[in-house]
Structures are given as C-alpha cells and as structure tokens.
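I open this notebook to record what I looked up in the structure shown below. The entries go from charged pairs to domains, sheet and core.

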Amino acid sequence: MPIRNGKKYLRDLDRTRREIWVGGRKVTGSVTEHPAFTGIAKSMAALYDMQSEPELVEEMTYTSPQSGERVGMSFLQPRKKKDLESRRRMIKRWADYSCGFLGRTPDYLNSDIMAMASAWKFFAKGGKEFGDNIRNYYSYVRENDLLMTHTLINPQANRSVSLSKQDDPFLAARIVETRREGIVVRGARMLATFPMADEIIVFPSTVIRSGTEDRPYAMAFAIPVSTKGLKFICRESFSHNSAYDHPLSSAFDEQDAVVVFDDVLVPRERIFLLEDPDRANMLHEATDAVVHMSHQVTIRDVAKTEFFLGLMSLIADTIGIDQFQHVQEKIAKTIMVLETMRSLLVAGEAEAAVNRWGIMTPEFRYLNVARNIYPRIYPGLKEVIQQLGASGLMSLPTEEDMKSDVRNYIDRYYVAKNTSAEERIRLFRLAWDAAGSSFGSRQELYERFFFGDPVRMASALFNWYDREPYRRKVRELLSRQGGKT
Ligand SMILES: Cc1cc2nc3c(=O)[nH]c(=O)nc-3n(C[C@H](O)[C@H](O)[C@H](O)COP(=O)(O)OP(=O)(O)OC[C@H]3O[C@@H](n4cnc5c(N)ncnc54)[C@H](O)[C@@H]3O)c2cc1C
C-alpha cells in the first residue's frame, strides 16, 4: 500500500474503533467530527496530503526497498550524510506547517522505530523472535504509513519508591499473565500525546532506570489503538472552533491521554523486549533511537524558534516598540537561540558517522546539548511575548465582537502603528494562543518535559560527557606552574 493522503488518514481514523474518553464521555461517533479532534485531524490530514503533492513527493517520500512503492521519508534508514539531509528537509517541511507546535507529526515516532529496527540485533540478543518482530513491525508501519503514539512513563503516584513497591503492584502497566499467544498487560501508563494514532508503542523510559525487581514492568511492544481493553483518558480539550479567536489551538491541540491497559493481550509477534530490565534500561541509547529522535526534535525546535522570532518582530513593528533597547536585546537573544539551535543541528549532521548498526547517525554530542537546552530556553521565548505584548494581549476582541455593533469602536481604538485594528487583533490573538492560553501553557509544559525530566536528562549528560580532556587541561596548566595534581 503506498503513502496515505489526508482523506485516507481521516477515513482510517474514523474506522478504527478505539476507546477514548474526553470530558467524562466516551467518544462513540466519528472521531473526526468530535469537537476535541476535528481541528487536529484536519491538520494531520494536511500533513499527509503534502506527501502526494506532485512538487513535494520527491522531498516527502522515497521508494520502498521492499514494495517499490513511495513511502514516508522519515522511515528512511540513512546510510549516507545526504540521507540525513533528505530526512531533515522532509521533517522541516512538516514542522513548518504547524510552526513547530505539533510534537507528534508522524516523523517523530517513525524516526524512533526506524532506528530501533536498524538495531534489530540488539533486540535479537534478548531472543531471536524479538529481532524479527521489530524488523517486521517497522516494515508494517512503513508500508501502511501508519501513525504511532507512544507511552514511556508510569503513573505519578509515588515517585519515592520503585514500580514494584507502589501500594498497588498493578498501578503501572505490567505483565499479569504469559500465554502461548502473547502476554496480558494490566495497569496504566502516562502520557500518550496524540491518541488519534493507528498504533501505540509501549517502550521503557529514556531516563528512568529499572531494577531487577521491576522485571514484569520491563517490556517493549506495539499494538493497534483499537486493541480490546485499551482505554485512552484524555485531558480537558484546549481545542476551539474559531480559527480567528484561537489560531493555534483550533488547529494544533494534539491531546494527551493516560493509557489504561485493562488486561490487554499483546500478541507474541508484537513484543520486542520482555522482562529484561537491563536491556530496557539501555534501549534508547544502544539503538541510537534517542539520537534520531533528537535530530527530529531539534529540527522542530528550529521551526518553532523561527516562529517566535517572527512573532516578536511583528509585535515590535506593530506597536512601534522596536527602537527601545530592551526590546532589541530580547529579540537579539532570540536570534542567538535560533542560531544556536541551527548550529547544533548543522554540527550534528556534519560530524555524523555510521553507527554500529550500519546507520548514518548524527553526532549526539550536539543534539544531546540541543535537547537539554531547549526545555530551559523555551519558557523564556514565551515570556518575551508577554513582555512585549503587555496589555495588548488582553485587548483581544473575539470573532463575535468583530461582527457586533462595537465594531466601529474597535476599528477606531484598536489600531496600531502601521496596521488596521483587524490585523493587529489577529496578530495579538496568535501571540496569546502561543504564549498565554491553555494551549500556550501546555506547549510550555510539553517543551519542558516531553523528552523526559530535564533534571535527569542533565544528569545523564553529566555522566555521559567525556570531561577528562578538560580536567587534563587544567592539570597541565597547574603542572606548568610547578604544582602537583
Ligand atoms: C505535554 C506533555 C506531553 C507528553 N507526552 C508524552 C508522550 O507522548 N509519551 C510519553 O511517554 N510521555 C509523554 N510525556 C511525559 C514525559 O515523558 C514526562 O513528563 C517526563 O518524563 C517527566 O516525568 P513525569 O512527568 O512523570 O515527572 P515526575 O517523574 O513525576 O517528576 C516530577 C518532579 O519530580 C522530580 N523528580 C521525580 N523523580 C525524581 C528523581 N528520581 N530524581 C530527581 N528528580 C525527580 C522531577 O525532576 C520533577 O521536577 C508528556 C509530558 C507532557 C507534560
């Protein structure tokens, strides 16, 4: 089957019967017509449509070595540096569509599965069938152009004790029974962004380490979202109907859900790792999945920072504050952020090398820094919008106001330096959605946490980074000066 277009994605989304709860109600009808999902479903469909646009098809797809059909470029297993560039161009195209506000464009987890399947020998060391399973799964999602969501984290009940020591041993999803046809899983996981996927992958965390007592929790598998017993409990929807009032949240609220496994049967052929805490602990690093995901994430970070730089610049022009030095400094800092992120991306690709699995892999040193920096920088970008926008962010007539009798006052009193009231309001509504609304706040939380706890990610960087050459440098200086170290 070739790449999907938007129409096919929407049709598949409606046909797939998943158990999904929003606002206390189970979604029983069409998912694509539900107010929480209409906007995001349309956005995702637009991304899929790009794959078959004649002028983009070469950029967005490549020829499958298996079927000879066009398949999504983010499934490409890079062998050369130019393959990484092809991947980057495609990823950036999708990231630009949402200005980086969509975290779960399909390429994010396509990159994950691509890297995992390339490292199938890592899985095979835990059992030959696991190596076959991950390779077959990769081919299956690539050839059917399926969209995946994922869940890595266990419920936030009591973080001071391990999974097996929680009051309820079935709080976190774990194996409850092993059968000839597969394993039965009971418990919960948090959090799965974008539950309107076709498949859910359940992998160990990138940074949380399990001990041997956590064996029943140490697993990796993938199943269709329609699997019996699987339930998605969504947070409150931030999606709104009016694109005028909520330009971002009307289109890009990708939802986040807690996933409940109510005795879910996972077929044998969908299991990649089983009761193997040691292998689970090193999964993302050993396969280099974390590097390829960081590559995708850094490209999206660049797209998002470009958006913030554009937004700040337009706000400054619109209300005539661009000549003030502190405004210039704030915008200059954003230029520094953008060029830093871009440089890390360029450096990661420039120093890419073939990894032990035969895959051209960016240099992680740079991308590891990128993924650690951005969660710390992002809240500052949002803050600048609030600092520059000031009360303008609270002078936001709605679409209804614009159709009402007060419109003539709005046209007169909401004008800006060089723009009409209407243009100014549209810009400031966008700014509020990016930096102030529930959607904007969720974006901040997302950037802080989606790739893992920033504190433990920094700790991982601390432990991974080779600091010995720099210790030596200091020792050499001291010894040149006659001291002993
Ligand atoms: C918007 C959003 C979307 C997300 N989407 C996904 C998704 O699609 N898939 C997915 O798998 N996950 C997703 N996540 C979850 C994300 O992976 C976690 O938020 C992240 O790993 C941190 O875990 P936690 O939220 O459970 O925080 P916790 O681990 O509960 O941490 C809470 C606080 O306690 C501190 N803390 C806790 N334990 C320790 C410790 N041992 N050492 C030091 N400090 C500690 C943390 O630093 C933090 O300040 C998403 C999160 C958000 C906010």
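**Entry 1. Salt bridges**

I count as a salt bridge a side-chain nitrogen of Lys or Arg within 4 Å of a carboxyl oxygen of Asp or Glu. The model I am reading is a predicted one.

By that rule, I looked up the pair E306 and K92, and they form a salt bridge with their closest N and O atoms 2.9 Å apart. E306 belongs to helix α10 and K92 to helix α4 (residues 81–97), so this pair ties together parts that are 214 residues apart in sequence. I then searched the whole structure, which gave 36 salt bridges.

I next checked R342, whose side chain meets that of E306 in a salt bridge (2.7 Å, N to O). R342 sits in helix α11 (residues 325–350) and E306 in helix α10, so the pair ties together parts 36 residues apart in sequence.

How exposed are the two partners? I read a relative accessible area of 26% for E306, which is partly exposed. R342, at 27% relative accessibility, also counts as partly exposed.

Which residues share the network? I noted K92, D96, E306, E339 and R342, linked by salt bridges.

A further pair I looked up is D256 and R235, whose side chains meet in a salt bridge (2.7 Å, N to O). This pair links distant parts of the chain, with D256 in strand β11 (residues 256–267) and R235 in the loop between β10 and α8 (249–252), 21 residues apart. Both D256 and R235 are buried.

**Entry 2. The two domains**

I took the domain bounds from the domain assignment of the protein, which gives domain 1 (6–284) and domain 2 (288–452). I find 26 Å between the centres of domain 1 and domain 2, taken over C-alpha atoms. To their contact, domain 1 brings 48 residues and domain 2 brings 47 residues.

How much area do domain 1 and domain 2 bury between them? I read about 4,000 Å², with 64% of it on carbon and sulfur atoms. Of the area that domain 1 buries against domain 2, F101, Y108 and Y244 supply 19%, more than any other three residues.

I also looked for charged pairs across the interface of domain 1 and domain 2, and the rule finds four salt bridges there. Separately, I looked up R442 and E254, whose side chains meet in a salt bridge (3.4 Å, N to O).

**Entry 3. The six-stranded sheet**

I traced an open sheet of six strands in the order β2-β1-β10-β11-β7-β6, with mixed pairing. Its edge strands are β2 (25–26) and β6 (174–179), and each of them pairs on one side only.

I began at the β2 edge. Strands β1 and β2 run antiparallel and are joined by two bridges, and V22 stands opposite R25 in β2. The hairpin of β1 and β2 has two residues between the strands, and in it G23 takes a positive phi near 55 degrees.

In which sense do β1 and β10 pair? I find that strand β1 (residues 19–22) and strand β10 (residues 230–234) pair in the parallel sense, over three bridges. I noted K231 in β10 as the bridge partner of E19.

At the other edge, β6 and strand β7 (residues 182–193) run antiparallel, with five bridges joining them. There I found T178 opposite I183 in β7.

**Entry 4. The nonpolar cores**

I turned last to the largest nonpolar core, which has 130 residues. Which members touch the most others in this core? They are F37 and F261. Helix α10 (residues 289–318) gives the most to this core, with 14 residues. I also checked how the core relates to the domains, and it draws at least three residues from each of domain 1 (6–284) and domain 2 (288–452).

I then listed the contacts of F37, leaving aside residues up to four places away in sequence: F37 touches I20, V22, V27, V31, M196, C234 and Q255. Apart from the largest core lies another core, of five residues, among them Y244, M402, A421 and I425.

I close by noting two names that recur. V22 is a contact of F37 and stands opposite R25 in β2. Y244 belongs to the five-residue core and is one of the three residues that supply 19% of the area domain 1 buries against domain 2.

Terms used: Residues numbered from 1 in each chain as written. Predicted model: local features only at pLDDT ≥ 70, side-chain atom pairs only at ≥ 80, totals over all residues. Heavy atoms only, no water. Core = buried A, V, L, I, M, F, W, Y, C linked by side-chain atoms within 4.5 Å. Buried < 20%, exposed > 50% of the residue type's maximum accessible area, 1.4 Å probe, protein only. Helix = DSSP H or I, 4+ residues; strand = E, 2+ residues; numbered from the N terminus. Domains from an automatic or database assignment. Contact = heavy atoms within 4.5 Å. Pairing = 2+ DSSP bridges. Buried area = accessible area lost by both parts, 1.4 Å probe.
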